[in-house]
Amino acid sequence: MHVRTLTGPLAAAALLSLPLLSGEAVAAGSPGDAAASRAAVRVLTYDASGSAEFRSAVDRGAAIWNQSVQSAQLRPATAGQRANIRVLADDGWPRALTTSLGNGTVWIGRQAVNEGYDTVRISSHELGHILGLPDRKPGPCSSLMSGSSAGTACTNPYPNAAERAEVENDFGGSAGSSAVAEPVPVLVRD
């Protein structure tokens, strides 16, 4: 047995199949297109089955992120699929627990909704945490991550240019993005 270095389509196939085993999907450009492979899309699945009356707000928040960034896309998990993001409704304040970039749990809290905060803005804001963004308080309504500090009159659910750029940067270097161009050592048996 010895080590060979694989390049080209076989190495790309090997690298792109690894994230699929962990429940993370990665899409890449055409083979040999280094620029497209560096701009790979990381697909994150979400399970909003526990989001109760906020389901449409969660779906809208995910759609807003999908329109806003290219490097990460949020998709509903299929039946039986383990989701990267779990979304729940409860009576507390909205919050997110990020376990790693693109993974975690979001709670859409009824307390903020009862105080007059917009459900789509809450959803988009909390998903922003899962995508790696911190709170930026106090802040203007034009900053999605300003959260509640923008007040109940603020219904802007869209990330601003800086927030979009930060997510693009964070996910632009994710697994499968530039590694396809690198040779991959693989053990093979003759």
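A residue is taken as buried when its relative accessible area is under 20%, and in this predicted model strand β7, which spans residues 103–109, is mostly covered by that criterion, with 7 of its 7 residues buried. The burial extends to both faces of the strand: Asn-103, Thr-105, Trp-107 and Gly-109 point one way from β7, whereas Gly-104, Val-106 and Ile-108 point the other way, and all are buried.

Strand β7 is paired with β5 and with β6. With β5 the pairing is in the parallel sense and extends over 6 bridges, and within this arrangement Leu-88 has Trp-107 of β7 as its bridge partner. With β6, by contrast, β7 runs antiparallel, the two strands being joined by 5 bridges, and here the partner of Ser-100 in β7 is Asn-103. The hairpin formed by β6 and β7 has 2 residues between the strands, and in this hairpin Gly-102 adopts a positive phi near 90 degrees.

Further parallel pairings involve β3. Strands β3 and β4 run parallel and are joined by 5 bridges, with Leu-44 standing opposite Leu-74 in β4. Between these strands the chain passes from β3 through α3 to β4, and the resulting β-α-β crossover is right-handed. Strand β3 is also joined to β5, again in parallel, by 3 bridges, and the bridge partner of Tyr-46 in β5 is Ile-85.

In soluble globular proteins, nonpolar side chains tend to be buried together. In the present model the largest nonpolar core comprises 26 residues, and those with the most contacts inside it are Trp-65, Leu-74, Ile-85 and Leu-131. Two or more residues are contributed to this core by each of the elements β3 (41–50), α3 (55–68), β4 (72–76), β5, β7, α5 and α6. When neighbours within four places in sequence are left aside, Leu-131 is in contact with Leu-44, Trp-65, Ala-72, Leu-74, Leu-101, Val-167, Asp-170 and Phe-171. Two of the residues in that list, Leu-44 and Leu-74, are those that stand opposite each other in the pairing that involves β4.

The structure holds 1 aromatic pair. The ring centres of Trp-93 and Tyr-117 lie 5.7 Å apart and the ring planes meet at 80 degrees; because planes over 60 degrees apart count as edge-to-face, the pair is assigned to that class. Trp-93 is located in the loop between β5 (85–90) and β6 (95–100), and Tyr-117 in the loop between α4 (110–114) and α5 (119–130), so the pair ties together parts that are 24 residues apart in sequence. The two partners differ in accessibility class: Trp-93, at 32% relative accessibility, counts as partly exposed, whereas Tyr-117, at 18%, counts as buried.

A further set of contacts centres on Asn-156, which lies in the loop between α5 and α6 (161–172). Not counting residues up to four places away in sequence, Asn-156 touches Arg-121, Cys-141, Ser-142 and Leu-144. With Cys-141 the contact includes a polar approach, in that the backbone oxygen of Cys-141 lies 2.9 Å from a polar atom of the Asn-156 side chain. Leu-144 is 12 residues from Asn-156 along the chain, and the C-alpha atoms of these two residues are separated by 6.9 Å.

Terms used
Residues numbered from 1 in each chain as written. Predicted model: local features only at pLDDT ≥ 70, side-chain atom pairs only at ≥ 80, totals over all residues. Heavy atoms only, no water. Phe/Tyr/Trp six-rings, centres within 6.5 Å; stacked < 30°, edge-to-face > 60°. Helix = DSSP H or I, 4+ residues; strand = E, 2+ residues; numbered from the N terminus. Buried < 20%, exposed > 50% of the residue type's maximum accessible area, 1.4 Å probe, protein only. Contact = heavy atoms within 4.5 Å. Polar contact = N/O pair within 3.5 Å; in protein donor to acceptor, adjacent residues only side chain to side chain. Pairing = 2+ DSSP bridges. Core = buried A, V, L, I, M, F, W, Y, C linked by side-chain atoms within 4.5 Å. Right-handed = clockwise from strand over helix to strand, strands pointing away.
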